[in-house]
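User: Please take a close look at one part of this model, the helix packing, and then follow it out to the aromatic rings. Short sentences are fine.

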Amino acid sequence: MNKTLKETVLALYPTRYGLGYAVFDGPEDLVDYGNTYVQPMSNKKIMKKVKQYISFFKPTMVLCRNVNDLPKRCGKRTKNLIDQICSEAKSQSLDIHSYTRTDIQNVFSQFSASSKFQISKKIMSWYPVLKTYEFPKRNGWVTENHNTGVFDAVSLVMVHWFLEN
């Protein structure tokens, strides 16, 4: 993943707990990352945080999950949230890119990683600072770990650099 121009990238990935985010100033410069927890769940509260992230980090582009790829179990709230995030980025004249889960899996399959757990392991090998967000491999009946959102956001950035360069 070779990037010559410096660009600040803000990746936002809605989760069942709120929002996973990651900020990069280049492939080797992971500036910030984490999870925004919102309880009770509210798009209005999440959008307030999105606006704060955009204001603070001043990204040149925003990356999101592609709404056309969301599984049926994802509700209207998540689709509306992604639409609101894209609208906010557009209103601030930011570049917006969205990627599907299939895009993520296709890129990471080249690194022998396809599941979220395997992808998180690969990302931790590139960015050891993220080991504090490590989560155990889950069984199918167990709810997704709350730290998954961080790796989902970082994976959007990796896919962007891989596909766009």
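Analyst: What follows goes through the helix contacts, then two residues in one helix, then the rings.

This is a predicted model, in which local features need pLDDT of at least 70, side-chain atom pairs count only at pLDDT 80 or more, and totals for chains, interfaces and linings use all residues. Residues are numbered from 1 along each chain as its sequence is written, and side-chain values use heavy atoms, with hydrogens and water left out.

Start with α3 and α4. Helices here are DSSP runs (H or I, at least four residues), numbered from the N terminus. Two packed helices are described by the angle between their axes and the distance between the axes. For α3 and α4 the angle is about 55 degrees, and the axes are 11 Å apart. Axes are lines fitted to C-alpha atoms over the stretch in contact, with angles from 0 to 180 degrees between N-to-C directions. The two helices are therefore oblique to each other. (Under 35 degrees is roughly parallel, over 145 roughly antiparallel, 65 to 115 roughly perpendicular, and the rest oblique.) From α3, R101, I104 and F108 meet α4 at K116, I119, K122, I123 and W126. Contact means heavy atoms within 4.5 Å.

Now turn to α5. The axes of α3 and α5 come within 10 Å and cross at roughly 70 degrees. That angle makes α3 roughly perpendicular to α5. On the α3 side, D103, I104, V107 and F108 take part. They meet S155, L156, M158, V159, F162 and L163 in α5.

Two α5 residues deserve a closer look. V159 lies in α5. Its relative accessibility is 0%, so V159 counts as buried. (Buried is under 20% relative accessible area, exposed over 50%, partly exposed in between, using a 1.4 Å probe and protein chains only.) Setting aside neighbours within four places in sequence, V159 is in contact with Y99, D103, I104, V107 and F108. The C-alpha atoms of V159 and T100 are separated by 9.7 Å, with their positions 59 residues apart along the chain.

S155 is also found in α5. At 1% relative accessibility, S155 counts as buried. Not counting residues up to four places away in sequence, S155 touches I104, F108, I119 and I123.

Next, the rings. Rings of Phe, Tyr and Trp (its six-membered ring) pair if their centres lie within 6.5 Å; planes under 30 degrees apart are stacked, over 60 edge-to-face, and the rest tilted. By this rule there are 12 aromatic pairs. One of them is Y53 with F57, a tilted pair at 6.3 Å centre to centre and 40 degrees between the planes. Both residues lie in helix α1 (residues 43–57), four residues apart, about one turn of the helix. Y53 is buried, with a relative accessible area of 9%. F57 counts as buried too, at 15% relative accessibility.

F111 and F162 form an edge-to-face pair, 6.0 Å centre to centre with 75 degrees between the planes. This pair links distant parts of the chain, 51 residues apart. F111 is in the loop between α3 (101–109) and α4 (116–126), while F162 is in helix α5 (residues 148–164). F111 is partly exposed, with a relative accessible area of 27%. At 28% relative accessibility, F162 counts as partly exposed.

Back at α1, Y53 and F57 belong with Y21 and F56 to one aromatic cluster.
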